[in-house]
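Reader: Hi! I'm a first-year student, and I'd love a close look at one spot in this model where the backbone does something unusual. Please start there and then lead me outwards to whatever surrounds it.

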Amino acid sequence: MTSTSSAVKPLSATVRLQFHKDFTLDDAVPLVAYFAGLGISHVYASPILTARPGSTHGYDVVDPTRINPELGGEAALLRLVSELRAHGMGLILDIVSNHMAVGGDANPWWLDVLEWGPTSPYANFFDIQWRSHDPLMVGQLLVPFLRSDYGEVLGAGEITLHFDAAEGSLYAQHYAHRFPLHPPSYADVLKTADNPQLLSFAARFEALDVDPLAWHNARQIRAELAEVALVPEVGQAIADAVSQFAVGDDAAFNRLHQLLERQHYRLASWRTAADDINWRRFFDINELGGLRVERNRVFEATHSKIFELIQRGLVDGLRIDHVDGLANPGAYCRKLRRRVNGLLSKRPQALAGQPFPIYVEKILAAGEQLAQNWSVDGTTGYEFMNEVSQLQHDPIGELQLAGLWEARSGRTANFMDEVREARQLVLSGTLAGDLEALAQGLLLVARDDIATRDLTLGSIRRALMELIVHFPVYRTYAGGHGRSAQDQLFFQQALEAAHGSLGEADWPLLAHLDRWLGGQALRQLPPGPARKQRQKLLTRFQQLTSPAAAKAVEDTACYRSAVLLSRNDVGFDPQHFSAPLDELQASWIKRGEQFPDNLLTTATHDHKRGEDTRARLAVVSERSTWLVDRFDSWFRLAAPLREELADGIAPSPGDEMMLYQTLLGSWPLGLPGDDQKGLSAYLDRLRGWQEKALREAKLRSSWSANNEAYEGACRRFLEGLLQSSEAADLRNEIAAAAESLAPAGALNGLAQSLLRMTTPGVPDLYQGTEFWDFSLVDPDNRRPVDFAARQAAFAHPRPVAELVNGWRGGQVKQWLVRRTLNLRAEHHDVFARGHYVPLQVTGSHAARVLAFARHLDDERFAIVVLPRLAAGLLDGSSTPLISASAWGDTQLLLPPHLCHHTLSSAYTASSFTPVEGRLPIATVLRDFPVNVLHPFQEPRP
């Protein structure tokens, strides 16, 4: 086995891999050579610490101190890193600092909290409000895991009492959920036994109620109980005692109820979480509990294994999941950087001096910049994904597409109107408890000041709701020093918008909210309880605006609005359909100056549509009139498939439009309308997308209240469209329409890939997307990747012309990735630190070309040329290559310092000599849809 401490090449490109029990760390080992050949420098792994059994993503960690045994454990990690080192490659690890999986029976920290309540050593690991505003919940934890109301579930015998003979412990069970009993309450069970030994144990357990060392001593008593339980008559007596709590009559019902009432938790229906939750979750997911990682003990406990792996030289970078969920993201990142830097000198000598990047998963809103004082290397690249999408959407098509959406769906084309409505929905629904807790806390602040003591809970709640509804970013980061200038700008925007929607009587309250929620620096307040209360509420507010935004935008509005679905994705700003080229290039220049190692992605494990699905659908922005005509025909042909329900037509016009757009973007290349086998496989994928889309929209169905009638009618519509003979004409029209978009979509896809690999930042390749990516939302985008096909294509390269003509197979995209990433690796400094220099294009189609240079000096540079909004130039072509004659007089102008070289193409054997600083685009893009020109001595073969 090769040493795991070999040197690692500079970070130049990553490949994101999703690990789970069906794709383990060992499964990645034989792929390393392939990734190295592609030009990848680092594998970027999904979380690998022990997650809930069967986890498909790893974000539901239950034990952060071990490598997940389902992934092969630590031995498999060593094998993977050894193989990576053999190829000079590194490993970047995704870690989850914000939350852990709770519920179930796999998280020992959570189970300990259930067992011991506020006295558990882990009670302050989780973000629990032990002092709830509900007097019946003081010192208790709401546990909303029951399938229905507590009384119903208890009466149905679905909460059962058990004795764990191996541990000597008692616990209640509801399906997969385990609820440990507080050891002093064991006495209630053991006293019912007709056995002297058990009565003695009952007295010992009961005495723990006043024992200051109860947490430690209980373990000894339970170990003794487990030992005596091996004696048959004692074991039988325990079983008999437990059976007294098996609900079958009123007496047993009351016994079990009284026993559960003694616990540090209150069992409740999952529906109660929205209103009564007294602990922070990840968004509104009951099975993910927020951690207080700002506490040093929690920080060290949850990161101990990560720090060990870093020190041993097994991990070479980190990605922080959902950084906005933390109490103080900036402080956390700086602390993490300090700890990591302290470990670097202890790593193996071969890794000495190697940079250690840290990335944050952070969605940047329009006009928002990542703080430079967080000591991180950038984000995971959602903002770049949005920028490339804006580049490929024609602003001319927006007006007609918006009109089409409003006319057909009856819904607004203003995305922010949908967002505000969705925020009101989630703040009144799944996040209502979080909002109420914050309002209650602010009421206490108001009561402590004579000037605000008359403010009511209702007025505070109304103003707070409107403030969050109109928040323009996911969150602010105010602290002891108050708000930054950027945060002040965003908060002021929210205040002004809230002022416009509140009644006049509530206007004065906004000034108080402004002051309490970061406008007044906490350091201006004297130390003491009042300042601590303000700090707590400021933190709660900033941790609430983020999930409110995410649930409203990503998980609701993006499924309600469909002016064009290619503009609806995670990290996108659908309110802005497109953006001027100058604006986008300015952002890339700034990124190169401030965060040159920022990750650049165009596909992720969270995307709603694959990168090539979006690229194809973006072509519709150039053909909006064409789409209007298609929709007129399809709505007419689909009439027999619709159903009239009590609550309206099914599917609704908006849902039908979303389906058609989804079909246009994701229709498999070359799939004819009469291929029943191919259509059946495609239908299986679409069913999952449709169910999620209907429920996330929360219009006529939802996850919490499934409308089976509506969902069933929509499903039958989809099945009929793809399988019935009466829909053959409709199906063939849609297939033909998707086919007509496909070449221009492929051109967009190649251009998108090239931009990811050549603009300032580090390109991130999502698993498998070196071939065409027509995936839909998860779990579709996490399907197994056919790496064997990709390796076979890699091993047998084909001539350029053959790749272009056979573009449907996806090998042309893989070839582009391979050639570009290897060029990037060979000339690392040019792409890692070279300036981004926009280049001028002239002629009749100048607006359809993007050209720029990555310039390190006059001998080391690369020129990138690619088409944009060029569907019209393909003129019915069956390939994504624009004919030379279509470019006419369009020319690239080179600045003087780039003109004195013969330039080679990275993709063909062609070379180019500028004449008076000019290169015809027809020549530059003659043989391949995009190009990279360079003066390097040895062009790639």
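Author: Let's begin with Pro779, which sits in the loop between strand E20 (762-766) and helix H29 (787-795). The model you are looking at is predicted. In it, the peptide bond that leads from Asp778 into Pro779 is cis, and its omega is near 10 degrees. Why is that worth a pause? Most residues other than glycine have a negative phi, and most peptide bonds are trans. A second cis bond turns up between Ala650 and Pro651, where omega is about 0 degrees. You will find Pro651 in the loop that runs between strand E19 (648-650) and helix H25 (653-666).

Each of these loops gives us a path to follow, so to speak. Take E20, the strand before the loop of Pro779. E20 belongs to an open sheet of 8 strands with parallel pairing, and the strand order is E16-E15-E14-E5-E2-E1-E20-E17. Reading along that order, E20 has E1 on one side and E17 on the other. At the edges of the sheet stand strand E16 (378-379) and strand E17 (599-601), each of which pairs on one side only. Further along the order, strand E14 (residues 317-320) and strand E15 (residues 358-360) are joined in the parallel sense by 3 bridges. If you want one pair to find on the screen, look for Arg319, whose bridge partner in E15 is Tyr359.

Helices lie against this sheet as well. Helix H3 (residues 73-86) packs on it and touches strand E2 (42-45) and strand E5 (90-95), with a direction at about 140 degrees to that of E5. Helix H14 (residues 382-391) also packs on the sheet, where it touches E14, E16 and E17, and the direction of H14 makes about 45 degrees with that of E17.

Now go back to the other cis bond and follow the chain out of the loop of Pro651 into H25. Two packed helices are described by the angle between their axes and the distance between the axes. For H25 and helix H27 (residues 708-723), the angle is about 40 degrees and the axes are 12 Å apart. The crossing of H25 past H27 is right-handed. On the H25 side, the contact is made by Asp655, Glu656, Leu659, Tyr660 and Leu663, and on the H27 side by Tyr710, Phe717, Leu718 and Leu721. Sorted by class, those residues are 7 nonpolar, no polar and 2 charged.

Another helix pair makes a nice companion to that one. The axes of H18 (residues 457-469) and H21 (residues 529-553) come within 10 Å and cross at roughly 55 degrees. That angle makes H18 oblique to H21. H18 passes H21 in a right-handed crossing. Here Leu464, Leu467 and Ile468 of H18 meet Phe541, Leu544, Thr545 and Ala548 of H21. This contact counts 6 nonpolar residues, 1 polar residue and no charged ones.

H21 takes part in something else, too. Side chains of opposite charge can pair when their charged atoms come close. Arg540 forms a salt bridge with Asp127, at 3.0 Å from N to O. Their places are 413 residues apart in the chain, with Arg540 in H21 and Asp127 in the loop between helix H4 (108-116) and strand E7 (141-146). Altogether the structure holds 65 salt bridges.

To finish, here is one more unusual bit of backbone. Tyr175 has a positive phi of about 55 degrees, although it is not a glycine, and its place is the loop between E9 and E10. Those strands belong to an open sheet of 3 strands in the order E8-E9-E10, with antiparallel pairing. Strand E8 (160-164) and strand E10 (177-180) each have a single partner strand, so one side of each has no neighbour in the sheet. From one strand to the next, the twist averages 35 degrees. E8 and E9 are paired over 5 bridges, while strand E9 (residues 169-174) and E10 are paired over 4. Gln173 is a good residue to click on: Gln173 is the bridge partner of Thr160 and stands opposite Arg178 in E10. Lastly, the hairpin of E8 and E9 has 4 residues between the strands, and in it Gly168 takes a positive phi near 70 degrees.

Note on methods: Residues numbered from 1 in each chain as written. Predicted model: local features only at pLDDT ≥ 70, side-chain atom pairs only at ≥ 80, totals over all residues. Heavy atoms only, no water. Axes fitted to C-alpha atoms, helices over the stretch in contact; angles between N-to-C directions. Helix = DSSP H or I, 4+ residues; strand = E, 2+ residues; numbered from the N terminus. Parallel < 35°, antiparallel > 145°, perpendicular 65-115°, else oblique. Left-handed = near helix turned anticlockwise from the far one by under 90°. Contact = heavy atoms within 4.5 Å. Nonpolar A, V, L, I, M, F, W, Y, C, P; charged D, E, K, R; others polar. Pairing = 2+ DSSP bridges. Salt bridge = Lys/Arg side-chain N within 4 Å of Asp/Glu carboxyl O.
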